[in-house]
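Colleague: Hey, have you got a few minutes to walk me through this structure? I'm new to this, so plain words please.

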Amino acid sequence: MATLKRSSVLTAIPALTTAVFLIPVILGLIGTWLPAFGYFPAIGLDQLSMTPWEEWFNHPSYKSALLKTLFSGIGASVLSLVITFVLLIGAYPSVMFQRLERLLSPILSVPHAAFAIGLGFLLSPSGWLIRWIEYMTGWFPVPPNWTTFQDPMGVSLIITLALKETPFLLFMSLAVLPSLNVQKTRWLANSMGRSTRFAWYWLLIPQLYQQIKLPFFAVVAFSLTVVDIALIAGPTTPPTLAVLITQLFNDPDLTNRTVGAAGATWLLILVSIALLIIHLLEPPLRRLRQWAIHCRPQTRLTLNWEAPVARALTLLMALAFAGSAAVTFIWSLTLRWRYPDVLPSQFSTLPWSRILNRIDEPFWCTVWLALLSALIALFLVILALENEVRLRWSQKKLNTQRIAWLIYLPLLIPQVAFLFGFQVFLIQTGWDGQFTALLWSHLVFVLPYVFLTLSGPYRNFDDRYFWLALTLKQQRGPAYWHIKFPILMRPILYAFATGFAVSIAQYLPTIFIGAGKYSTITTEAVAMAAGSDRRLMAVMAVWQQSLPLLIFALATLLPALRFRERQSMR
């Protein structure tokens with residue numbers, strides 16, 4: 001009887017997990033599409049109309065915002081993919097790549113807004129980089145008249161997004177590289193008279209792309225629709241489409257909400273078209289690959305430019321993240337810092353004391369949202385993966401590709417395209433501004449990342465350990481907690497830390513679903529980024545970076561302490 005109950009609970013978990021993040025998306029899309037076509041009874045519009053679309057396409061900022069969105073979004077996505085491939089071709093496997101791999105977790109834990117703020121401190125015309133150049137060369141006695149950050153074309157936005165999304169694609173690539181048998185493929189190509197470069201370009205990279213296609217699609221969707229980074233690092237007059245839509249949603253004139261809904265729907269269509277075009281490019285690229293394999297002249301050229309470029313890119317990424325974090329921390333302790341001084345002339349804790357007087361509520365709201373959303377997501381994901389184990393033991397077929405598409409759906413649909421509609425639904429049901437609803441909105445984005453982080457190690461777990469434990473304990477509960485959980489402790493804690501970091505980084509869900517009643521460290525940091533006080537901005541960015549880093553440090557330290565006397569478990 002207990003086995004039947006456990007089986008029925010596990011059977012229901014995938015449906016419950018799917019409902020957690022699909023219901024807000026579906027309700028939100030419907031709630032956005034109806035106002036997009038003029039149906040918004042809350043402000044007296046009860047007839048379908050194309051007026052919102054006409055006003056959207058006739059908006060004075062539309063054309064320029066569209067070009068900037070396409071240029072920055074596609075440019076950042078392609079650049080991050082190219083950097084990922086170059087790093088793999090030029091450095092994998094090597095000691096340098098192993099060091100880069102160890103840095104991925106702390107890099108991924110840095111919230112987007114905090115990194116963008118730090119990069120602004122680093123790259124602005126009077127930023128830390130120019131100060132160091134002036135100190136070493138004397139070239140810039142006054143700040144150069146350059147627009148190196150928030151430039152009108154969105155180049156700084158491309159650089160910021162590419163630097164932040166490359167570690168994500170690398171992380172996703174590392175999960176599938178063992179299945180590609182990189183070393184054996186290279187040896188096989190060399191034995192047939194082909195170069196190592198040929199093996200990577202025409203054999204390994206095409207297979208790798210198919211494995212990380214969904215993560216790359218998520219990067220494209222994110223880059224085209226990001227709001228918080230675009231507010232900090234992107235062009236301002238006019239901004240990108242996502243920022244423009246957010247401004248329309250927050251406009252005091254309520255009729256502009258319908259125009260914003262039309263813009264959000266159009267942005268969803270735009271993302272879909274971009275992903276479809278990328279998908280349609282695959283067949284001609286496959287034919288090119290077949291020609292290269294069968295018809296291209298043989299060559300024994302070895303790697304030449306990829307390795308030094310990979311080393312340069314690794315150094316550049318390390319300096320960008322380390323430099324932005326360092327200069328942010330320095331600014332948070334600065335009282336006076338005149339150009340071109342490399343370091344402040346006066347340090348002070350006054351910015352921290354000023355922030356402490358106003359951070360109490362955002363801090364605890366951030367912590368509770370991150371802890372609860374990560375814990376709930378981890379609980380649901382573990383049960384869903386245990387259900388996969390049950391199905392595998394029962395020799396039932398499991399469509400993992402369909403599961404992957406479902407998991408990635410909230411990451412492929414622009415946040416701005418459904419959060420407004422979900423807010424409308426919450427207002428109608430009386431849940432607007434409730435902490436539970438805000439937690440739900442965070443869970444929509446936390447759950448997919450927790451699943452993506454944990455599913456690989458969980459599915460690769462050797463079930464023979466568990467079966468052996470069952471023969472000794474004869475109970476699933478003790479066997480799980482004494483054998484399976486300790487072995488999977490490290491990836492489980494890393495999945496929790498990932499979910500925590502994802503919740504910390506959420507901006508739009510708090511803005512829309514919080515209804516002004518709740519603020520987080522991220523919303524405060526983005527709001528201060530629009531101001532002129534770099535000190536307060538830096539303090540909020542340090543707070544935003546410190547919380548995920550602390551959780552990731554604990555996720556690394558706890559297993560090390562737990563298994564300090566067990567060498568094989570370290």
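Modeller: Sure, and let's start with a term: a cavity is a set of grid points where a 1.4 Å probe fits but cannot get out. Keep in mind too that this is a predicted model.

Colleague: OK, so how many cavities of 30 Å³ or more does a search of the whole structure find?

Modeller: The search turns up one. The space in this largest cavity is about 40 Å³.

Colleague: Which elements give two or more residues to its lining?

Modeller: Those are α3, α7 (155–180) and α10. The largest share of the lining is from α10, with three residues. Among the lining residues are Ser 223, Leu 224 and Thr 225, and also Thr 69, Ser 72, Leu 157 and Leu 161.

Colleague: Tell me about α10, then. Is it mostly enclosed or open?

Modeller: Helix α10 is largely enclosed by the rest of the structure, because twelve of its 13 residues are buried. The buried ones include Lys 213, Pro 215, Phe 216, Phe 217 and Ser 223.

Colleague: And what span should its 13 residues have?

Modeller: At 1.5 Å a residue, helix α10 (residues 213–225) should span 18 Å. The C-alpha atoms at its ends are 18 Å apart, so the two values agree.

Colleague: Lys 213 is a charged one, isn't it something I should look at? What does its side chain pair up with?

Modeller: The side chains of Lys 213 and Glu 282 are joined by a polar contact of 2.8 Å. Glu 282 sits in helix α14 (residues 282–294).

Colleague: Is Glu 282 buried or exposed?

Modeller: Glu 282 is buried, because its relative accessible area is 7% and the cut-off for buried is under 20%. Leaving out residues up to four places away in sequence, Glu 282 touches Tyr 209, Gln 210 and Lys 213.

Colleague: Switching to pockets. How much space lies in the second largest pocket?

Modeller: About 760 Å³. Its lining has 26 residues, and those nearest the centre are Leu 81, Phe 85, Ile 205, Tyr 209 and Leu 285.

Colleague: Which element gives the largest share of that lining?

Modeller: That's α3, with eight residues. The elements that each supply at least two residues are α3 (62–91), α9 (196–211), α10 and α14. You've met Tyr 209 already: besides being nearest the pocket's centre with four others, Tyr 209 is touched by Glu 282.

Colleague: What about the largest nonpolar core, how many residues has it got?

Modeller: It has 177 residues, and Trp 56, Leu 208 and Leu 454 have the most contacts inside it. The largest share of this core, 14 residues, comes from helix α20 (residues 435–459).

Colleague: Is there some general tendency behind a core like that?

Modeller: In soluble globular proteins, nonpolar side chains tend to be buried together.

Colleague: Which residues is Leu 208 in contact with?

Modeller: Not counting neighbours within four places in sequence, Leu 208 contacts Phe 85, Leu 88, Ser 173, Val 176, Leu 177 and Leu 180. Phe 85 also belongs to the lining of the second largest pocket.

Colleague: Now the backbone. Where are the cis peptide bonds you mentioned the other day?

Modeller: One runs from Thr 237 to Pro 238, with omega near -5°. Pro 238 is in the loop between α11 (228–233) and α12 (241–249). Another runs from Tyr 339 to Pro 340, with omega near 5°, and Pro 340 is in the loop between β3 (334–336) and β4 (346–347).

Colleague: Which residues have a positive phi although they are not glycine?

Modeller: Gln 150 has a phi of about 55°, and Asn 181 has one of about 50°. Gln 150 lies in the loop between α6 (128–137) and α7, while Asn 181 is in the loop between α7 and α8 (182–191).

Colleague: Why do they count as partly exposed?

Modeller: Because the relative accessibility is 31% for Gln 150 and 41% for Asn 181, and partly exposed runs between 20% and 50%.

Colleague: Last one: how far is Ala 318 from Leu 103?

Modeller: Their C-alpha atoms are separated by 8.6 Å, though the two are 215 residues apart along the chain. Ala 318 lies in helix α15 (residues 306–332) and is partly exposed, at 32% relative accessibility.

Note on methods:
Residues are numbered from 1 along each chain as its sequence is written. This is a predicted model: local features need pLDDT of at least 70, side-chain atom pairs count only at pLDDT 80 or more; totals for chains, interfaces and linings use all residues. Side-chain values use heavy atoms; hydrogens and water are left out. A nonpolar core is a set of buried Ala, Val, Leu, Ile, Met, Phe, Trp, Tyr and Cys residues joined through side-chain atoms within 4.5 Å. Buried means under 20% relative accessible area, exposed over 50%, partly exposed in between (1.4 Å probe, protein chains only). Helices (H or I, at least four residues) and strands (E, at least two) are DSSP runs, numbered from the N terminus. Contact means heavy atoms within 4.5 Å. A polar contact is a pair of N or O atoms within 3.5 Å; within protein, one must be able to donate a hydrogen and the other to accept it, and residues adjacent in sequence count only if both atoms are side-chain atoms. The expected span of a helix is 1.5 Å times one less than its number of residues. On a 1 Å grid over the protein atoms alone, a cavity is a set of points where a 1.4 Å probe fits but cannot get out, and a pocket is an open set with protein on both sides within 12 Å along at least five of seven lines; lining residues have an atom within 4 Å of a point. Grid points are joined across faces, edges and corners, and a volume is the space filled by probe spheres set on the points.
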